[in-house]
Amino acid sequence: MAKIGAIEKNKYRQQVVKRYAGARARLKAIVMNRSLPLEERFKASIILAGLPRNSAAVRIRNRCAISGRPRAYYRKLKMSRIALRELGLFGYIPGLVKSSW
């Protein structure tokens, strides 16, 4: 089980990203538009840099919905390999059979 603080920090980051998504998208579009004057693009980049760092989507860490584990994460299932194996052993995931040789 992951630390509660790490899980909560990630939840907070998800909220901040959602809150600033529109503003970041508009500013990034201005910065990337080469047809605009350089001064306007520079002002947009200064404003973009002034936004909270946690408003960037790259700062969100994929974590298991069950255990909070940050590594060995399956995006499609939103859980880690360990949680997937445990649920599969108990028969909670249809079609999943534990392999042994």
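Mentor: Let's start with a term: contact means heavy atoms within 4.5 Å. Keep that in mind while we look at this model, which is a predicted one.

Trainee: Okay. What covers the buried residues of helix 1?

Mentor: Part of that cover is helix 2, residues 38–50. As for the residues being covered, helix 1 has Ile7, Asn10, Arg13, Val16, Val17, Arg24, Leu27 and Val31 as its buried ones.

Trainee: Where does helix 1 bend?

Mentor: At Tyr20, by about 55°. Helix 1 covers residues 4–32, so to speak from one end to the other.

Trainee: Next, the core. Which residues make up the largest nonpolar core?

Mentor: The general idea is a set of buried nonpolar residues joined through side-chain atoms within 4.5 Å. Here there are five: Leu27, Val31, Ala44, Leu48 and Leu51. At least two residues of this core come from helix 1, and at least two from helix 2.

Trainee: Can we zoom in on one member? Which residues does Ala44 touch?

Mentor: Leaving out residues up to four places away in sequence, Ala44 touches Leu27, Ile30 and Val31. Two names there should ring a bell, since Leu27 and Val31 are also in the core.

Trainee: Now empty space. What is the volume of the largest pocket?

Mentor: Here's the idea: rolling a probe the size of a water molecule over the atoms shows where empty space is left. In this model, the largest pocket comes out at about 230 Å³. It has 14 lining residues, and the ones closest to its centre are Asn10, Gln14, Arg63, Cys64 and Ala65.

Trainee: Which element gives the largest share of the lining of that largest pocket?

Mentor: Helix 1, with four residues.

Trainee: On to rings. How many aromatic pairs does the count come to?

Mentor: One. The pair is Phe90 with Tyr92: their ring centres are 6.1 Å apart and their planes sit at 50°, so the pair is tilted. In general, you describe a pair of aromatic rings by the distance of the centres and the angle of the planes.

Trainee: Are those two rings' residues buried or exposed?

Mentor: The cut-off for exposed is over 50% relative accessible area. Phe90 has 62%, so Phe90 counts as exposed. Tyr92 has 61%, so Tyr92 counts as exposed too.

Trainee: Let's do backbone angles. What phi does Ala72 have?

Mentor: Most residues other than glycine have a negative phi. Ala72 is not a glycine, yet has a positive phi of about 55°. You'll find Ala72 in the loop between helix 2 and strand 1, residues 73–74. Ala72 is partly exposed, at 33% relative accessible area. Lys78 is another non-glycine with a positive phi, about 60°, and sits in the loop between strand 1 and strand 2, residues 79–80.

Trainee: Is Ser80, in strand 2, buried or exposed?

Mentor: Ser80 has a relative accessible area of 1%, so Ser80 is buried. Beyond its neighbours within four places in sequence, Ser80 contacts Cys64, Ser67, Arg69, Arg71, Ala72, Tyr73 and Tyr74.

Trainee: Ser67 is on that list. Where does Ser67 lie, and is Ser67 buried or exposed?

Mentor: Ser67 lies in the loop between helix 2 and strand 1. Its relative accessibility is 18%, and since the cut-off for buried is under 20%, Ser67 counts as buried. Setting aside neighbours within four places in sequence, Ser67 is in contact with Met1, Ala2, Ile7 and Ser80.

Trainee: How do I read sequence separation against distance in space?

Mentor: Compare places along the chain with the C-alpha separation. Ser67 and Lys3 are 64 residues apart along the chain, with C-alpha atoms 9.7 Å apart. For Arg75 and Asn62, the values are 13 residues and 7.9 Å.

Trainee: And where is Arg75 found?

Mentor: In the loop between strand 1 and strand 2. With 67% relative accessibility, Arg75 counts as exposed.

Definitions and conventions. Residues are numbered from 1 along each chain as its sequence is written. This is a predicted model: local features need pLDDT of at least 70, side-chain atom pairs count only at pLDDT 80 or more; totals for chains, interfaces and linings use all residues. Side-chain values use heavy atoms; hydrogens and water are left out. The bend at a residue is the angle between axes fitted to the seven residues ending there and the seven starting there. Buried means under 20% relative accessible area, exposed over 50%, partly exposed in between (1.4 Å probe, protein chains only). Rings of Phe, Tyr and Trp (its six-membered ring) pair if their centres lie within 6.5 Å; planes under 30 degrees apart count as stacked, over 60 as edge-to-face and the rest as tilted. On a 1 Å grid over the protein atoms alone, a cavity is a set of points where a 1.4 Å probe fits but cannot get out, and a pocket is an open set with protein on both sides within 12 Å along at least five of seven lines; lining residues have an atom within 4 Å of a point. Grid points are joined across faces, edges and corners, and a volume is the space filled by probe spheres set on the points.
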